[in-house]
Structures are given as C-alpha cells and as structure tokens.
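Good morning, and thank you for the time. I would ask everyone to look at the sequence and the structure together as I speak.

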Amino acid sequence: MIFITGPLFAGKRQAAMRLLGWSREELEKKAVWDVQDLAPNAEDLEALARRLSDYPVVIATEVGGGVVPADPAERVAREAAGRLSCLLAQRAQTVVRVFCGIPTVLKGALG
C-alpha cells in the first residue's frame, strides 16, 4: 500500500495520478481518500487501518497543524486522525508527503 499525506489542497490526488501513471477513473477505483474523516468515529483505529491498507493507495489530509481547537471533541478528532495516519504509515510499503504539489518519499520507493 502507498500512503499519501499532506495538507489540504496540496495536490495529493494529482500527485498520486502522476506518480502512478493512473487516470482519474483508475484513482477512483483503486484508492481511498479523506480517510482522516473516518478516524473520529472509529471504535478501533487498528482495525480501520488494517481495512484501509487493503487499498493500493490511501490518501489522508494532515489535520494536526495550526491552532489547537478549543472544542474538546475537535481535539479528540484531530488526535484520532493523527493516530490513524501513524498506523497507516507503519503498514505502508511507501509513504509520500505532498506539499505544494511536490511529492517527497518518506518511506520506501516508488516504481
């Protein structure tokens, strides 16, 4: 599994298509994205990570940067999203961070 992460609107999906040579249609069939939104409601993050790692490509938006939310529920959601990203990165053969449309391989290799 390839785990791709980065800030909101950083070009993660476009980078995935470029790096893998996939069309938008292929990406929609073979990848799952916005997985950080699944974390707050997950009873078992390990099980969620295991299920998500069955996809060839998993894409998550980094949500931990910036001001810490005043709302306790938002802080818990942010923490869960970060923990899920850590679990996915551990399971991934390749981890790519995309920032300003530029992919940087953090773990493994592409191709």
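I shall speak first about the nonpolar cores and then about the salt bridges.

Please keep in mind that this is a predicted model.

Let me begin with the interior. In soluble globular proteins, nonpolar side chains tend to be buried together. Here, the largest nonpolar core comprises 18 residues. Among the residues with the most contacts inside this core are Phe3, Val35 and Leu45, and Leu52, Val58, Leu84 and Leu88 belong to that group as well.

Which elements give two or more residues to this core? They are helix α3, residues 45-52, strand β3, residues 57-61, and helix α4, residues 72-91. Of these, α4 gives the most, with 5 residues.

Phe3 deserves a moment of attention. Leaving aside residues up to four places away in sequence, Phe3 touches Val58 and Ala60. Its contacts also include Ser85, Leu88 and Ala89, and further along the chain Ala92, Thr94, Val95 and Val96.

There is also a second core, separate from the one just described, with 13 residues. Ile2, Ala10, Leu27 and Ile59 are among its members.

I turn now to the charged side chains. Side chains of opposite charge can pair when their charged atoms come close. How many salt bridges does the model contain? The count comes to 4, and I shall describe some of them.

One pairs Arg13 with Asp34, with the closest N and O atoms 3.7 Å apart. Arg13 lies in helix α1, residues 12-20, whereas Asp34 lies in the loop between β2, residues 31-32, and α3, so this pair ties together parts that are 21 residues apart in sequence. Are these two residues buried or partly exposed? Arg13 counts as partly exposed because its relative accessibility is 29%, and Asp34 counts as partly exposed at 30%.

Another salt bridge joins the side chains of Glu26 and Lys30, at 3.8 Å from N to O. Both residues lie in helix α2, residues 24-30, and because they are 4 residues apart, about one helical turn separates them. Glu26 is partly exposed, at 29% relative accessibility, and Lys30 is likewise partly exposed, at 32%.

In helix α4, Arg83 and Glu79 are 4 residues apart, about one turn of the helix. Their closest N and O atoms are 2.8 Å apart, in a salt bridge. Glu79 is partly exposed, with a relative accessible area of 42%.

To close, α4 thus appears in both parts of this talk: it contributes 5 residues to the largest core, and it holds the pair Arg83 and Glu79. Thank you for your attention.

Conventions. Residues are numbered from 1 along each chain as its sequence is written. This is a predicted model: local features need pLDDT of at least 70, side-chain atom pairs count only at pLDDT 80 or more; totals for chains, interfaces and linings use all residues. Side-chain values use heavy atoms; hydrogens and water are left out. A nonpolar core is a set of buried Ala, Val, Leu, Ile, Met, Phe, Trp, Tyr and Cys residues joined through side-chain atoms within 4.5 Å. Buried means under 20% relative accessible area, exposed over 50%, partly exposed in between (1.4 Å probe, protein chains only). Contact means heavy atoms within 4.5 Å.
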